[in-house]
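Me: I am new to this structure and should like a close look at a single part of it. Please take one charged pair as the starting point and then connect it to its surroundings.

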Amino acid sequence: MKLSDLALEEAALKTLADTVTERLKDVRAAMQCELDDVGVGQVEARLPDGTKVATISRTSPKPAAAVTDAEKFLAWVRETYPPEVVSRVVTEVRTAFATRLLKEMTAAGVAQVCDTETGEVHDVPGVEIRATRAASHSVRPVDGGREAIAEAWRSGALAHLAIPQITGQPAGEDGAR
């Protein structure tokens, strides 16, 4: 293949990939809004002929302990577990200790830790249990789903899913897709 042919193919594929990626981002955001609004945990993706090609499942973020006020957390550790504080030019809680405490609090679901030696339960200032990522969803094609989608695309059965930047047609039947 000639250099000029490769250059054109790469430029065309890059343009198409960028356009599809941009459209996917918009559709994915719209899907997430619909899943959240309707409260559905799972929906099947079916071709116009009814063939199931994928399952879309909503994922819920799992709460985890996170330090939200480092100064309060440091002050508490300094007072409660002094050997776990390292003083340099900057004073900070030992990373391994903070990781262990956050893991314990995540498992317990509360910003509290129990001193194993004394049995005392401590409220830990500067730490909250909160979602670590936004709600999302996954798309899992069924066996043969990718091939069925490719064939439906080739046959024109998915023409209503137009990407306006490529086809020049409005997306979806009402142009809102």
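Reply: The starting point is E84, a partly exposed residue with a relative accessible area of 25%. The model discussed here is a predicted one. A residue counts as partly exposed when its relative accessible area lies between the 20% under which residues are buried and the 50% over which they are exposed, so E84, at 25%, belongs to the middle class.

The side chain of E84 meets that of R94 in a salt bridge, with 3.7 Å from N to O. This pair links distant parts of the chain, the two residues being 10 residues apart. E84 is in the loop between helix 2 and strand 4 (85-87), whereas R94 is in the loop between strand 5 (91-93) and helix 3. R94 is also partly exposed, with a relative accessible area of 39%. As a general matter, side chains of opposite charge can pair when their charged atoms come close.

The loop of E84 follows helix 2, and the other end of that helix deserves attention as well. Helix 2 comprises residues 70-80, and A70 is placed in it. A70 is exposed, because its relative accessible area is 54%. The C-alpha atoms of A70 and E92 are separated by 8.6 Å, although the two residues are 22 residues apart along the chain.

The loop of R94 leads on to helix 3, where a second charged pair is found. The side chains of E104 and R100 form a salt bridge of 2.9 Å from N to O. These residues are separated by about one helical turn, because they are four residues apart in helix 3. Both are partly exposed: E104 has a relative accessible area of 30%, and R100 has one of 44%.

Helix 2 and helix 3 also take part in the nonpolar interior. The largest nonpolar core has 17 residues, and those with the most contacts inside it are F73, W76, V77, L101, M105 and V127. Helix 2 and helix 3 (95-108) each supply at least two residues of this core. The largest share, five residues, comes from helix 3. In soluble globular proteins, nonpolar side chains tend to be buried together.

Two residues show the surroundings in more detail. Leaving aside residues up to four places away in sequence, M105 touches A65, V110, A111, Q112, V113, V124, V127 and I129. Apart from the 17-residue core lies another core, of five residues, among them L47, V53, A152 and L158. The second residue to consider is H122, found in strand 7 (residues 121-123). H122 counts as buried because its relative accessibility is 10%, and the limit for buried residues is under 20%. With residues up to four places away in sequence not counted, H122 touches W76, T80, Y81, A111, Q112, V113 and D115. W76 is thus a contact of H122 and also one of the core residues with the most contacts.

The charged pairs described so far belong to a wider set, as the structure holds seven salt bridges. Another of these joins the side chains of R46 and E44, at 2.4 Å from N to O. R46 is partly exposed, with a relative accessible area of 47%, and E44 is likewise partly exposed, at 41%. E44, R46 and K52 are linked in a network of salt bridges. K52, in strand 2, is in addition the bridge partner of R46 in the strand pairing. Strand 1 (residues 42-46) and strand 2 (residues 52-59) run antiparallel and are joined by five bridges. Their hairpin has five residues between the strands, and G50 takes a positive phi near 95° there.

A further residue brings strand 9 into the picture. S138 is placed in strand 9 (residues 136-141) and is partly exposed, with 24% relative accessibility. Apart from neighbours within four places in sequence, S138 is in contact with T55, I56 and S57. The C-alpha atoms of S138 and A107 are separated by 25 Å, and these residues are 31 residues apart along the chain.

Finally, the surface carries a nonpolar patch formed by L13, L16, V20 and I166, with about 330 Å² of accessible area together. Helix 1 (residues 3-38) gives the largest share of the patch, three residues, and L13 is placed in that helix.

Methods: Residues are numbered from 1 along each chain as its sequence is written. This is a predicted model: local features need pLDDT of at least 70, side-chain atom pairs count only at pLDDT 80 or more; totals for chains, interfaces and linings use all residues. Side-chain values use heavy atoms; hydrogens and water are left out. Buried means under 20% relative accessible area, exposed over 50%, partly exposed in between (1.4 Å probe, protein chains only). Two strands pair if DSSP finds at least two bridges between them. Patches are made of residues with over 30% relative accessible area and no salt bridge: like charges are joined within 9 Å, nonpolar side chains (Val, Leu, Ile, Met, Phe, Trp, Tyr) within 5 Å. Accessible areas come from the Shrake-Rupley method with a 1.4 Å probe; for residues, only the protein chains shown count as cover. A salt bridge is a side-chain nitrogen of Lys or Arg within 4 Å of a carboxyl oxygen of Asp or Glu. Contact means heavy atoms within 4.5 Å. A nonpolar core is a set of buried Ala, Val, Leu, Ile, Met, Phe, Trp, Tyr and Cys residues joined through side-chain atoms within 4.5 Å.
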